[in-house]
Every structure is written in C-alpha cells, then in structure tokens.
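Colleague: I am new to this one and would like to know how the descriptions are justified. Could you show it to me and take my questions?

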Amino acid sequence: MIEEGSQNSEQLLEEEGDDLEFDSNDLEIEGDDPGIEDNDLGIEDNNLEQDKNLGIEGHDLPEGNDLDDNCEQLFDIEYHVLENNRDDATLEVRNGDFLGKDYPPPVLGMEFESYDDAYNYYNCYAKDLGFAIRVKSSWTKRNSKEKRGAVLCCNCEGFKTSKEAHSRRKETRTGCLAMLRLRLVESNRWRVDEVKLEHNHLFDPARAQNSKSHKKMDAGAKRKVEPTVDVEVRTIKLYRTAAVDPLGYGSTNSNEGESSQHADRSKRLKLKKGDAHIIHDYFCKVQLRNPNFLYLMDLNDEGFLRNVFWIDYRSRAAYGYFSDVVIFDTTCLLNKYEIPLFAFVGINQHGQPILLGCGLLVDETLETYIWLFRAWLTCMLGRPPQTIITEQCKAMQSAIAEVFPRAHHRFCLSRVVHRIFDNLGTLPDYEGFQRTLNVAIHDSLKVDEFEMAWEDMIQRFGIADNECLRACYEDRERWAPVYSKDTCFAGISTLLKDGSIRFFNGYVNQQTTLKEFFDMNEIVLQKKYQKEALDDFESRHSSPILRTGSFYELQLSRVYTNEIFRRFQDEVQMMSSCFSITQVHANGPLMTYMIKERQDEENLRDIKNFEVMYDKRGAEVRCICSCFNFKGYLCRHALCILNYNGVEEIPPPYISARWRKDLKRLYVPDSGSNNIDIANPVQWFDHLYRRALQAVEEGMISEDRYMVAWQAFKESLNKIIFCPS
C-alpha cells in the first residue's frame, strides 16, 4: 500500500508473473488434513445433534410441569479445529491432486504467515476451479528488497501488447479482472487487501494444468495452505432448555430449596416466573419452521442458566457477505435494561444494520465474554470478523484478544466522547471544551496533530489529573480516527448518532419484559427483512436523480444501491470546494499532490490542505483523510486528483462489492465444505436442505427462473420416487 508522507512512499516495482513463480517443494509436510467440518464443531444446523443419547431433541422437549420429570444432565461437546500453528497442517497428495479439495474462496481480511503461503493458497484455489495465476505486480519499500505487497491475477488478465499482436501464438488473454491483492501488515503477516472473484471466460482445467504455476505445484507434495482461523482446540458446553426448571430458577436435578440457599444468584440469569417457558416455547416454535435455527446455553456448576445465545439461518448466511465489520451492541447491559439483551450487528449493502445473532448475558465478566465469543465464532464456522466495534471495556477487550486475536478491535467513538463529556460536565467553559475536543478528534489528519491538540486541550482547561481522560488517552489507538486509517468501517459513522447501532432501536426500552421481547421479535425481524427487500427492489428498478455533470456520479449511479449512492453524491458535489492542486513530490509513477479545500463557503479564508498520493501505473489513489476505508467510497479530494490526471472512470478497486445493487445474496449459511459423510443420514439432510434452499433463492429472482426451478424440481422428484431404495 502507499504509505503516508512523501518521504516514506513505497516504490512500485512491476514484475513479470512468470519470473516470480517459485518452487514450493520445500513446503512438503506430512500429517492430516486440517479442514474444518461441521461435525468437528459438534454442531448440526438441524437442531444441533439429533441423537437421543446426547439428549438434544428440540422438537420433543416436554412442556409445563413435565420438565421436572425429564431434566437432563449437562454435556460437553469437544470440537477440534485448525490451530494457529501452521507447521502442523499437512496434506497427502495422490496423482498430483490434493485430497479434500474445496479450497474456500478468498475474502477480504484473510491472513497468511508468509507471502509464499498466500501465493500457494491462491494457486491451489485456482487449480480447483480450473484457471491459472501469475503475479501481475509487486512492490517493495524504497531502498529495500523486502516485499511489501503484490497483486496475483488470473492468467487471462490483460491483452497482447502491440509487439505481440502479430505473433502466431494463440490469444489466451481475455482482459479478465479476477485478482487477489496482498499487503504486508504490521504483524508481519500477509493480508488480503482486495479480491475479485468474477472471471469473464470459461474455465479450462486441461490448459490450466499445463501452466507454469500448476506444473511447479505438481512437482512434489505440498502443504495445503489455508488462511489462519482464529480458534484453537476448545470445549464448548451446549445445553438444552430442559436443564432449566419450569420456574426459571435453576436446574431440576437439585433440590430447589437447597439451591436457592447455596447458589450464587449473581452467577445466574435473572429470570422471572414463566420466563424459562417463554424461552423454551420460542426456540421450539422457531425450530419447527427453521431447522437451521441454532441456540446455545451456558449453565453454572449448580445447573442454573447463566447465558443464552441464538442465531437464525439468515444471520449466518448474511455474515458470509458482511463479515468485514461487526458491532457488538451491549446497550441494554450498559443501561441496566429489564432484559440483559446483546446483539451482534453488521451493515448490509444499503448501509442498514442487520442482525448477526443475539442473546442474554448474566454479567459483563471476562469468563462470560469468552464463552459468548467462542459460541458465536463456532456458529460462524470459525471465521472471525475483520473489524469488531464494542464498548470501552477491559473484560471485553481481553476476551476479544483471546478469541479474535487478529481482528481489528475498535471502541465506539461516540460512546467514548459521551463518556468524556459526562465526566467533565461541570467544567466552567464546558461548551468550549466540547468544541475543542471535537476539533482534536475530527480535524486531526496526522497522529502528531492529534497528540499536540490533545496536550493543548489538557493544558488549556487544566484537566491533566482527570482519570477518565487519562484512561481514554491510553486507549486512543482504539477509538481516535487518526489511528485507524487502515481499518475498514463500512460507513458506520453515519449510523452512530445516538452512540450505538441498535438493531432493536424503537422496540426495546428499559421496561421491556422478556415476554414482550419474544412476542415482538419475529415482527421486528420481518419488518427489517421487508425493508431490505423493498430497498433492493427500488435500487434495481429506479434511476437516481443526478446532481452534477460528473461521469463519476453517473458511473456509480448504475452500480451502487440508492442509499450508498446518495452518500457518494455528497462527495461529488463537494468537489467544487476543492481547488489549487499542486504536485509536491514525484518518484517515478508515484506522485504526491497537495489539494486545498474551503471548509466554509461564507469564510473563504477557512482553508485546509489535504495530501493525496497517486500511482499512475496502477491508478491507485489514497487521500490522507482515508475516506475509502472509513466510508467505503472515494472522497472528493481523491476524485479531484483522478480527474486532474485524466482518469475518466473510478478504477475497479475503488468500487466496493459490498455496496453493489446487483449483489445476489443467498439466505442459506455456507457450510464451508461439500464433503459429507455418506453414511450419516443427518448430513444427508443438512446437505440437501442447503442446496435446495439455494435453488429456491435463485428461482425467486424472476418468473422465468421460477418456471425453470419448478420444472427441475418436478423432474428431480420423479427420478427420486422411481429410484430403487
């Protein structure tokens, strides 16, 4: 990536893909395939595990007072997944093909121990699909041979050069845009910074097999390189509601009187009479309609319910598309609501909050958060978020560091600011302090600017001894924007108006009871789903009104959803406030510009300078304001520099796939593998159910597709009926 400041700009070195091929024979390691399977996690979507010996038959749960006669013991299910030590990862090779194929497609945020691991993974993924790869370009830090980044592309990328136009060699390049961009991050790991999966040509496994990249891979046994999964070998306790007594006070396995005397009430969920029935009835009702609904319970040693977590199939499927940014909302816990509700919230293609799981927590301790984060990660098949935003909490911070060690953990900025304002509300010049703090936070473009502004504020208002300010300053790298310019936020700042992104905002208040919540929960979810479907329809079948004559505006009006396009329009309009572009540094194709912007139309002297770096060769542009990472689209400063250099269209890397109006989402969770145990009927159901739902989703797109899907279903059903048992 292009680093800030002209003195530290990196030198991009174009290298031919064939020259960068390497022999990976030295990666030969022996052992077992470390792939993650649903069975390894001990969780089946069809109501966990339908095995009477384990006592998890959700549909057969007794109701009412019959619970007393049917209580069940707690059990542990151990799941073994890929450990962080990649040297233990092994794979056996037969006849040049990897056993246990199905390499997961690359996604943003994947990390690898080395460049070789990243290259080898993409090469294996390409071989599975039937295309070849090469290195399009790579770059090093100036005056150093250390590789800092690279772009791996499909072998069909580009076209013949003018010198090759008359060559008799068959044309194999089609201008394919499929690619993977890698960047060396601060932890000396290689991260996927950009990915394009779409090809504009048919796959040709036979021709790809003869490519240099695959020939060298087939020269000997190689290790199967996959992105690191942030989970270790753990034990998660899964419980069914029968372990809670009908009154909701604890386990029916013990004497209620004795339990009430000896159990620590602070270590169990505070449930009123009948609340256990409400939870139990809701879970059973949902599972009857949706076998992919999943819930997990945590009980203490005395059998009392501590924590409960649940997630439906739509949430698990949505996470596959929007795992880049996740907000962990604990507003109800923080404000002592009647129900201790929490929610994992993501941002969809319209910039709206979407639910990624929710539940009830007994407390806000390290133990509780570790249980919850591991449970949630298990439901997401071990795929951690790229960025997670939470309250400023030490216990939460420690739990995230243990369960999601490579996620970008950031604190909610507006929450931090509100906390500071509340703590210093008695200052004599309180309004002046508010303005000064906001300027230090939002107007600082560089780290030293922020730290100088903070120090001046401390001295001006005489608050150097304030413990709240001191604690916030120590954690400044987790909330101050100037420290997070390389972190993806998917535009959540526009939603953080009241200090948090609350999925249930307007439906749950401090007095809402558990019964009221579960009564309204399905209604709330349906309203959210209908709102998203309506926005999808309007984005695909309407043309936004253009405000300027900029081609950039016209270009993204055809690509982005209406809401995101309206936000981008604001940047296009504000291009008129930018002027006086000056080139301040040049290093080959890499140039640094300074652009001025009027901050106030009424005060023409209020002008601010912005540094923008532009690489002509790859049409890469980066502004010091880092709008693209914060909001997901280019800022007015970067647009002006592109226009200044004669770039008529926004380059593809800066058109984020997550905002596209043609994004086709399947509301079926991805199991991550097509490998099933052919002798396991439970896996038969699970596999067929997922594939059938995918056909249903595709068939609902149009009337023609509906007719094709319906005809295919009828033909398939007839074949199955007459197939010998």
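Modeller: Happily; we can go through confidence, a sheet and a hairpin in turn, and this is a predicted model.

Colleague: What makes you cautious about residues 1-101?

Modeller: The chain has a mean pLDDT of 76, with 73% of its residues at 70 or more. Over residues 1-101, though, the pLDDT is below 50, while the model has 269 contacts for this stretch beyond near neighbours in sequence. Residues 218-263 are also below 50, with 175 such contacts. Where pLDDT is low, predicted coordinates should not be read in detail.

Colleague: Why are β11 and β17 called edge strands?

Modeller: Because β11 (294-299) and β17 (408-411) each pair on one side only, and pairing takes at least two bridges. The open sheet has seven strands in the order β11-β12-β15-β14-β13-β16-β17, with mixed pairing. From one strand to the next, the twist averages 20°.

Colleague: How do you know that β13 and β16 pair?

Modeller: At least two bridges are needed, and β13 (residues 325-329) and β16 (residues 387-390) have three, so they pair, in the parallel sense. I327 stands opposite I389 in β16.

Colleague: And what joins β20 to β21?

Modeller: Four bridges, with the strands running antiparallel. Y614 stands opposite V621 in β21. Four residues lie between the strands of this hairpin, where A619 takes a positive phi near 55°.

Colleague: Which way do the residues of β21 point?

Modeller: E620 and R622 point one way, V621 and C623 the other. All are buried, which means under 20% relative accessible area.

Technical notes. Residues numbered from 1 in each chain as written. Predicted model: local features only at pLDDT ≥ 70, side-chain atom pairs only at ≥ 80, totals over all residues. Heavy atoms only, no water. pLDDT = per-residue confidence, 0-100. Contact = heavy atoms within 4.5 Å. Buried < 20%, exposed > 50% of the residue type's maximum accessible area, 1.4 Å probe, protein only. Helix = DSSP H or I, 4+ residues; strand = E, 2+ residues; numbered from the N terminus. Axes fitted to C-alpha atoms, helices over the stretch in contact; angles between N-to-C directions.
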